[in-house]
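Me: I should like to go through the labels applied to this model one at a time. For each label, please set the value against the criterion and then conclude.

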Amino acid sequence: MVSRVDNTTGTPKIILSRTSPVFLQRLLEAEVPEIHDGLITVRGIARMPGERAKIAVESYDERIDPVGACVGVKGRRVHGIVRELRGENIDVINYTQNLSLFITRALSPATVNSVRLHEDEHRAEVYLNPDQVSLAIGKSGLNIKLASILTEYTIDVFREVAGAEVEGDDIYLDEFAGDIDAWVIDALKGIGMETARDVLEAPRDMLFSRADLEEDTVDDVLRILREEFEEE
């Protein structure tokens, strides 16, 4: 796809791009006749080129399933695009003006219990069962990052635990207040990390990027948490 044309030196230079979201949209238009004909509208694309993309689509004709049309019979349409993009995974979701539902769909394959919106801040708090947190975040934080781009909302995930105590051998982060600074614990809780296991099972780079912590700080936290479980 033509990204731009530079003509500063008098000799035009055509810049091509395969990483642009528009390139993915053009592939969709070529593979899905309903998009080309205007029966289905692409409402948003979030993409990490070469890794994964999320696409929101909408149809104004209730007889047309926009997701099914984009995926195709036995996934043939979307698989053709995946091959062209050399294995980039593609999630197609139904667009809706209901923001809570849209955010829920954008976090697929995770199952969301509830969403609390802060519209003035363009921020959403998402509550999930413990076994769904890692699905919502995704490998290296990719799933939640794409969902945030697609919905244009900063998404914070929170782990819902029934009862007052964490079951099993897990420990709430607040119990480490004597070893870990309170502001560090607050930063981790701000991205949905409530317990030691949450932090230890999360991708390291996601911890310092989303929690806005220095790498050394994250490493210190991980060391302290690991030592606690080793002592047990």
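Reply: Let us begin with Arg26, which has a relative accessible area of 42% and is therefore partly exposed. The model is a predicted one.

Me: Why is Arg26 called partly exposed?

Reply: Buried requires under 20% relative accessible area and exposed requires over 50%. The value for Arg26 is 42%, so the residue falls in between and counts as partly exposed.

Me: What makes the contact of Arg26 with Glu29 a salt bridge?

Reply: The criterion is a side-chain nitrogen of Lys or Arg within 4 Å of a carboxyl oxygen of Asp or Glu. The closest N and O atoms of Arg26 and Glu29 are 3.2 Å apart, so the pair qualifies. Glu29, at 24% relative accessibility, is likewise partly exposed. The two residues are three apart in helix H1 (residues 21-31), which means that about one helical turn separates them.

Me: How do you know that Asp156 and Arg123 form a salt bridge?

Reply: Their closest N and O atoms are 3.6 Å apart, and the limit is 4 Å, so this pair is also accepted. Asp156 belongs to strand E8 (residues 154-159) and Arg123 to strand E7 (residues 123-128), so the bridge ties together parts that are 33 residues apart in sequence. Both Asp156 and Arg123 are buried, so each has under 20% relative accessible area.

Me: What makes Arg223 and Glu227 a salt-bridged pair, and how are they placed in helix H11?

Reply: The N to O distance is 3.5 Å, and this lies within 4 Å, so the criterion is met. Arg223 and Glu227 are four residues apart in H11, and about one helical turn therefore lies between them. Arg223 has 40% relative accessibility and Glu227 has 34%, so both are partly exposed by the limits of 20% and 50%.

Me: Which residues are joined into one network by salt bridges that share partners?

Reply: The network consists of Arg116, Glu121, Arg123, Glu125, Asp156 and Arg210. Across the whole structure, the search finds 16 salt bridges.

Me: Why is the group of Asp212, Glu214, Asp216 and Asp220 called a negative surface patch?

Reply: Asp and Glu count as negative, so the four residues Asp212, Glu214, Asp216 and Asp220 carry like charges. Membership requires over 30% relative accessible area and no salt bridge, with like charges joined within 9 Å. Asp212 has a relative accessible area of 67%, so its accessibility is over the 30% limit. That value is also over 50%, and Asp212 is therefore exposed. Asp212 is located in the loop between helix H10 (204-210) and helix H11 (215-231).

Me: How do you know that Thr96 is buried, and what makes its link to Asn98 a polar contact?

Reply: Thr96 has a relative accessible area of 16%, which is under 20%, so the residue is buried. Thr96 sits in the loop between strand E5 (89-94) and helix H5 (99-106). A polar atom of its side chain lies 3.1 Å from the backbone nitrogen of Asn98, and this distance is within the 3.5 Å limit for N or O atoms, so the contact meets the distance criterion.

Me: What makes helix H7 mostly covered?

Reply: Eight of the 10 residues of H7 (residues 142-151) are buried. Among them are Leu142, Ile144, Leu146 and Leu150. Glu152 follows H7 and has a positive phi, near 65 degrees.

Me: Why is Lys74 called exposed, and what is its phi?

Reply: At 71% relative accessibility, Lys74 is over the 50% limit and so counts as exposed. Its phi is positive, about 55 degrees, although Lys74 is not a glycine. Lys74 occupies the loop between helix H3 (66-71) and helix H4 (76-84).

Me: Is Ser140 buried, exposed or partly exposed?

Reply: Its relative accessibility is 35%, between 20% and 50%, so Ser140 counts as partly exposed. Ser140 also has a positive phi, near 60 degrees, and is placed in the loop between helix H6 (130-137) and H7.

Me: Why is Val67 called buried?

Reply: The relative accessible area of Val67 is 19%, which is under 20%, so the residue counts as buried. Val67 is part of helix H3, and its C-alpha atom is 6.4 Å from that of Asn94, 27 residues away along the chain.

Definitions and conventions: Residues numbered from 1 in each chain as written. Predicted model: local features only at pLDDT ≥ 70, side-chain atom pairs only at ≥ 80, totals over all residues. Heavy atoms only, no water. Patch = residues over 30% accessible without salt bridge, like charges linked within 9 Å, V, L, I, M, F, W, Y side chains within 5 Å. Areas by Shrake-Rupley, 256 points an atom, 1.4 Å probe, with all protein chains shown as cover. Charge placed at Lys NZ, Arg CZ, Asp CG, Glu CD. Buried < 20%, exposed > 50% of the residue type's maximum accessible area, 1.4 Å probe, protein only. Polar contact = N/O pair within 3.5 Å; in protein donor to acceptor, adjacent residues only side chain to side chain.
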